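These are my notebook entries on a structure that I looked through piece by piece. I wrote down what I looked up and what I found.

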Amino acid sequence: MALATLKEVLDIAEQTGTAIPGFNIDNIEIPEAIITVAEEENCPVIMTIGQGAIAAGGLKHLPDVVRSVARHSSVPVVMHLDHGAGYEQAIACLRAGFTSVMYDGSHHPFAENVNVSRDVVRAAHAVGVSVECELGAISGVEDGISHDNTNLVDLNEVSKFISVVDCDALAIGIGNAHGIYKGTPDIDFGRIRACREMGAPHLVLHGGSGIPEDMIRKAISLGIRKINVATELRLAFMKGLGETASGGDIYKMYDRAKQEVMEVVRAKIRLFQQK
Ligand SMILES: [Zn+2]
C-alpha cells in the first residue's frame, strides 16, 4: 500500500487505546525485519530515519527502501524524520517523500521552538505530511547529540505551545532518556495525564529502550500513542552479526541479525498493542 501519514496511524492508536512503534532504521535489513513482524502481527509501523542515518547516507537511499517496503506491505507504513534539525531539513524530507517529519526545537529557546515548529507545520500540512514537535528536551545521547538538561516538560509551555502550533504529535520529556538507562527510569505519569487533559495532540515517548513493561503499559493507558525504539534494535542487530561474524557468510550474518531484530520488534509490538 501507499505510505501512511503519522496522523493516520496515531488516530488508529487513539481509537484502539494502543501505541504505534517508531523504529529507527539504518540499513535495508532492519526495515525488512520490522515489516515481516508488523505484517504477522497486523500492526502499523513508523519507520524512522534519524540524524545518524542521514549523516551517514544523506537522504539518498533509505527513503527508497521505506517506499519499497511500504508498497509491498499489507500494513500501513509511515516514513518519518526523527529529531529534525531545522526548517531546511524538514523541506528536504518533504521533497524526499517523507509522510511525517519531526522538528525538535526543544533545546532552543521556547519562542524559537514555537516559530520554527509553526513554519514546519505550515509547509508540511500544505502537502499532507504530518509533524511531530518536542517540548522538554529528552536527555541522554542519540546519534551523537547529547542533552543533559532536566527533561520534565513545563506544562505551562505545553499549554502555550499547543494553542499556537497545530502539530499532529508532541514528544514530551517525562523522565525518559535516549540510549540505555542507568537504573529504573523515573517516569512522571501525571504529566502525561495533564497534557492529555489540556488537549495536546497525540503524545510521543522517546527513549523506549529499557523502560520496564509495566511503565510502558501505564503510559499507553494514560495516552502515549507513539513510542520510539532505536537502541534495542541496533544492539539486537549487532549481536546477531557478532555471533556469526567468524563464519564469513554475509547472508548468514544478516539472517541471524534480522532474527534478533524480529524478536525485539515482536515483543515491542505486542507490548504496545497491550496484548
Ligand atoms: Zn528521540
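Before I could place any residue, I needed the term: a strand is a DSSP run of E with at least two residues, and strands are numbered from the N terminus. I also kept in mind that I was reading a predicted model.

**Entry 1, the zinc site.** I looked up His-83 and found that its place is in strand 3. I then asked which atoms coordinate the zinc ion. They are NE2 of His-83, NE2 of His-178 and ND1 of His-206, at 2.0 to 2.1 Å. Along the chain I read the spacing of these donors as H-x94-H-x27-H. I noted that His-83, in strand 3 (residues 77-84), and His-206, in the loop between strand 9 (202-205) and helix 9 (213-222), link distant parts of the chain, being 123 residues apart.

I wanted to know whether these two histidines are buried or exposed, and the cut-off I used for buried is under 20% relative accessible area. His-83 has a relative accessible area of 10%, so I wrote it down as buried, and His-206, with 0%, is therefore buried too.

**Entry 2, backbone angles.** Here I started from a general point, which is that most residues other than glycine have a negative phi. Against that background I marked His-83, which has a positive phi of about 50° although it is not a glycine. I also marked Asn-42, which is not a glycine either and has a positive phi of about 55°. Asn-42 sits in the loop between helix 2 (29-41) and strand 2 (45-49), and with a relative accessible area of 59% it is exposed.

**Entry 3, helix 7.** I looked up which residues of helix 7 (residues 155-164) are buried, and found Val-158, Phe-161 and Ile-162. Looking down the axis of helix 7, I saw that these buried residues fall within an arc of 90°, so they line one face of the helix. On the other side of helix 7, I found Asn-156, Lys-160 and Ser-163 exposed. I then checked what covers the buried residues of helix 7, and the list includes helix 6 (110-126), strand 5 (130-135), strand 8 (169-172) and helix 8 (189-197). At the start of helix 7, I noted that a side-chain oxygen of Asp-154 comes to within 2.8 Å of the backbone nitrogen of Asn-156.

**Entry 4, Ser-130.** I turned next to Ser-130, which is placed in strand 5 and counts as buried at 3% relative accessibility. A polar atom of the Ser-130 side chain lies 3.3 Å from the backbone nitrogen of Leu-6. Leaving aside neighbours within four places in sequence, I listed the contacts of Ser-130, among them Thr-5, Lys-7, Thr-99, Val-101 and Asp-168.

**Entry 5, Leu-3.** I looked up Leu-3 in the segment before helix 1 (6-16). How far apart in space are Leu-3 and Phe-98, C-alpha to C-alpha? I found 8.6 Å, although the two are 95 residues apart in sequence. Not counting residues up to four places away in sequence, Leu-3 touches several others, including Val-66, Ala-70, Val-78, Met-79 and Gly-97.

**Entry 6, rings.** Last, I looked at the aromatic side chains, where the count came to one aromatic pair. I also found Lys-218 lying over the face of Phe-189, at 4.5 Å from the ring centre.

How values were computed. Residues are numbered from 1 along each chain as its sequence is written. This is a predicted model: local features need pLDDT of at least 70, side-chain atom pairs count only at pLDDT 80 or more; totals for chains, interfaces and linings use all residues. Side-chain values use heavy atoms; hydrogens and water are left out. Buried means under 20% relative accessible area, exposed over 50%, partly exposed in between (1.4 Å probe, protein chains only). The arc is that of the directions from the helix axis to the C-beta atoms. Contact means heavy atoms within 4.5 Å. A polar contact is a pair of N or O atoms within 3.5 Å; within protein, one must be able to donate a hydrogen and the other to accept it, and residues adjacent in sequence count only if both atoms are side-chain atoms. Rings of Phe, Tyr and Trp (its six-membered ring) pair if their centres lie within 6.5 Å; planes under 30 degrees apart count as stacked, over 60 as edge-to-face and the rest as tilted. A charge sits over a ring if NZ of Lys or CZ of Arg is within 6 Å of the ring centre and within 35 degrees of the ring normal. Donors are N, O and S atoms within 2.8 Å of the metal (3.2 Å for Na, K and Ca); water is not among the atoms, so sites may look incomplete.
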